[in-house]
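Reader: Please go through the terms used for this structure and show how each one follows from its definition.

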Amino acid sequence: MSQALRLLYTSRLSGRSSIPYVGEFVKKMRKYCKEHELTGMLVFDGESIAQYLEGNRASVQRLMNHLQEDTRFDSVNTLMFGETDAQPEFPTWSMAYPRDDAFDTLKALSDRAGDDAVQYFKQLQPTLDVV
């Protein structure tokens, strides 16, 4: 994937949002990622979201702009945003939930940045239920 952008961010549902919105958001993300050939993973723990995305510059930038304006989320925290020439970290886009014993992992992710945050996110995979 040449000159692709990668994005890793965390966010929290705002008081103006609800759990059913997450289902709607995931449905839209799945469609958007398929249409725009984005790969990655979204993790939801009941309150917070962490999402890693890779793909073409315009699609990732458009999505990032939308997320920053979406009032259903508070505190969009960009942990990594930049170019990559590497092979995609994920073959497709997927959704995951932390297992019961790993629900504090997204809080720990929020304290990281850059490649350290990406590595931590990748290491979370064995503690997740991917759907």
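Author: Strand 5 (residues 93-98) and strand 6 pair in the antiparallel sense over three bridges. This is a predicted model, in which local features need pLDDT of at least 70 and side-chain atom pairs count only at pLDDT 80 or more, while totals for chains, interfaces and linings use all residues. Residues are numbered from 1 along each chain as its sequence is written, and side-chain values use heavy atoms, with hydrogens and water left out.

Reader: What makes strand 5 and strand 6 a pair?

Author: Two strands pair if DSSP finds at least two bridges between them, and here there are three bridges, so the condition is met. Strands themselves are DSSP runs of E with at least two residues, and helices are runs of H or I with at least four, numbered from the N terminus. Two of the facing positions can be named: Tyr-97 has Asp-129 as its bridge partner in strand 6, and Pro-98 stands opposite Leu-128.

Reader: What surrounds Asp-129, and is it buried or exposed?

Author: Asp-129 is partly exposed, because its relative accessible area of 38% lies between the limits (buried under 20%, exposed over 50%, with a 1.4 Å probe and protein chains only). Leaving out residues up to four places away in sequence, Asp-129 touches Met-95, Ala-96, Tyr-97 and Arg-99 (contact being heavy atoms within 4.5 Å). Asp-129 and Ala-96 are 33 residues apart in sequence, yet their C-alpha atoms are 5.3 Å apart.

Reader: Which strands stand at the edges of the sheet, and why are they called edges?

Author: The open sheet has six strands in the order 4-1-3-2-5-6, with mixed pairing. Strand 4 (73-84) and strand 6 (128-130) each have a single partner strand, so one side of each is left without a neighbour in the sheet. On average, neighbouring strands are turned by 20° against each other, direction ignored (axes are lines fitted to C-alpha atoms, for helices over the stretch in contact, and angles run from 0 to 180 degrees between N-to-C directions).

Reader: Why is the pairing called mixed?

Author: Strands of a sheet pair through backbone hydrogen bonds, either parallel or antiparallel. In this sheet, strand 2 and strand 5 pair in the parallel sense over four bridges, with Trp-93 in strand 5 as the bridge partner of Gly-40. Strand 1 and strand 3, by contrast, run antiparallel and are joined by eight bridges; Leu-5 stands opposite Gly-55 there. Strand 2 and strand 3 also run antiparallel, joined by six bridges, and Phe-44 stands opposite Ile-49.

Reader: How do you know that strand 3 is largely enclosed?

Author: Eight of its eight residues are buried, so strand 3 is largely enclosed by the rest of the structure. Ser-48, Ala-50, Tyr-52 and Glu-54 point one way from strand 3, and Ile-49, Gln-51, Leu-53 and Gly-55 point the other way. Strand 5 is mostly covered, with five of its six residues buried.

Reader: What makes helix 1 and helix 2 roughly antiparallel?

Author: The axes of helix 1 and helix 2 (residues 57-69) come within 12 Å and cross at roughly 160°. Helix 1 and helix 2 are therefore roughly antiparallel (angles under 35 degrees count as roughly parallel, over 145 as roughly antiparallel, 65 to 115 as roughly perpendicular and the rest as oblique). At the contact, Phe-25, Met-29 and Tyr-32 in helix 1 meet Ser-59, Arg-62, Leu-63 and Leu-67 in helix 2. These residues divide into five nonpolar, one polar and one charged (Ala, Val, Leu, Ile, Met, Phe, Trp, Tyr, Cys and Pro count as nonpolar, Asp, Glu, Lys and Arg as charged, and the others, Gly among them, as polar).

Reader: Where does helix 1 lie in relation to the strands?

Author: Helix 1 (residues 19-35) lies across strand 1 (4-13), strand 2 (39-44), strand 3 (48-55), strand 4 and strand 5, and runs at about 150° to strand 5.

Reader: What is notable about the phi of Glu-37 and of Ser-75?

Author: Most residues other than glycine have a negative phi. Glu-37, however, has a positive phi near 55°, and so does Ser-75. Glu-37 is found in the loop between helix 1 and strand 2, whereas Ser-75 lies in strand 4. Glu-37 is exposed because its relative accessible area is 66%, and Ser-75 also counts as exposed, at 55%.
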